[in-house]
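Reader: I am new to this structure and would like a close look at a single part of it. Could you pick one charged spot and walk me through it and its surroundings?

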Amino acid sequence: MVEREGLDRVFVVLDARHGIKQSDREMMMMLEDHRQPFQAVMSKTDMVFPKELAQRWWHVSKELETFEYAIPAIFMASAK
């Protein structure tokens, strides 16, 4: 995956109910090691209260700042 020509970025899907889990961190570290740009997508945002979602978004954005190849904009997704 990370050695595929023409791959501009990888989307890392994060469950908004949980934020970044250890397996997500490991994936992002692997992408970072391969110098592969990636961007976070927070899914299931409709299942989290707005205040809680804002706090999780803030924590995710702060953690993404520690990765050189992370694209800072976070997409939010909901089934509704």
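Author: Happy to help: what follows starts at one aspartate and works outward to the chain around it.

Please keep in mind that this is a predicted model. Our starting point is aspartate 15, which sits in strand 1, a strand covering residues 10-15. Is aspartate 15 buried or exposed? Aspartate 15 counts as buried because its relative accessibility is 15%, below the 20% cut-off for that label. If you set aside its neighbours within four places in sequence, aspartate 15 is in contact with Ser43 and Lys44.

Now for its charged partner. Arginine 17 and aspartate 15 form a salt bridge, in which the closest N and O atoms are 2.7 Å apart. Unlike the aspartate, which is buried, arginine 17 is partly exposed, at 31% relative accessibility. In general, side chains of opposite charge can pair when their charged atoms come close.

How many salt bridges does a search of the whole structure find? The search finds five. Another one joins the side chains of glutamate 52 and arginine 56, with 3.0 Å from N to O. These two residues are four apart in helix 2, so about one helical turn separates them. Glutamate 52 itself is partly exposed, with a relative accessibility of 32%. Back at our starting point, salt bridges that share partners link Asp15, Arg17 and Lys44 into one network.

Lysine 44, a member of that network, deserves a moment of its own. You will find lysine 44 in the loop between strand 2 and helix 2. Its phi is near 60°, a positive value in a residue other than glycine. At 35% relative accessibility, lysine 44 counts as partly exposed. Arginine 35 also has a positive phi, near 55°, and is likewise not a glycine. Arginine 35 belongs to the loop between helix 1 and strand 2, and with 62% relative accessibility it counts as exposed.

One further salt bridge is worth finding on your screen. Glutamate 63 pairs with arginine 25, their closest N and O atoms being 2.6 Å apart. Since glutamate 63 lies in helix 2 and arginine 25 in helix 1, the pair ties together parts that are 38 residues apart in sequence. Arginine 25 is partly exposed, with a relative accessible area of 25%.

Next, step from the aspartate to leucine 14. Apart from its neighbours within four places in sequence, leucine 14 is in contact with several residues, including Ile20, Ala40, Val41, Met42 and Val60. Leucine 14 is also one of the residues with the most contacts inside the largest nonpolar core, alongside Met28, Phe38, Met42, Val60 and Leu64. That core has 17 residues. Which elements give two or more residues to this core? They are strand 1, helix 1 (22-33), strand 2 (38-43), helix 2 (50-64) and strand 3 (70-76). Nonpolar side chains tend to be buried together in soluble globular proteins.

The strand that holds our aspartate is part of an open sheet. This sheet has three strands in the order 1-2-3, with parallel pairing. Strand 1 and strand 3 are the edge strands, each pairing on one side only. From one strand to the next, the twist averages 25°. Strand 2 and strand 3 pair in the parallel sense over four bridges, and methionine 42 stands opposite methionine 76 in strand 3.

The helices lie against these strands. Helix 1 lies across strand 1, strand 2 and strand 3, and it runs at about 165° to strand 1. Helix 2 packs on the sheet too, touching strand 1, strand 2 and strand 3, with its direction at about 165° to that of strand 3.

Finally, here is the chain as a whole. It comes to two helices and three strands, following the pattern β-α-β-α-β along the sequence. The radius of gyration is 13 Å, close to the 12 Å that the globule rule gives for 80 residues, so the chain is as compact as a globular protein of that length. The C-alpha trace spans about 40 × 25 × 20 Å along its principal axes. Buried residues make up 35% of the 80 residues, and aspartate 15 is buried. Of the contacts with a separation of 6 or more, 77% come from residues 24 or more positions apart.

Technical notes:
Residues numbered from 1 in each chain as written. Predicted model: local features only at pLDDT ≥ 70, side-chain atom pairs only at ≥ 80, totals over all residues. Heavy atoms only, no water. Buried < 20%, exposed > 50% of the residue type's maximum accessible area, 1.4 Å probe, protein only. Contact = heavy atoms within 4.5 Å. Core = buried A, V, L, I, M, F, W, Y, C linked by side-chain atoms within 4.5 Å. Pairing = 2+ DSSP bridges. Axes fitted to C-alpha atoms, helices over the stretch in contact; angles between N-to-C directions. Salt bridge = Lys/Arg side-chain N within 4 Å of Asp/Glu carboxyl O. Rg over C-alpha atoms; globule rule 2.2 N^0.38 Å.
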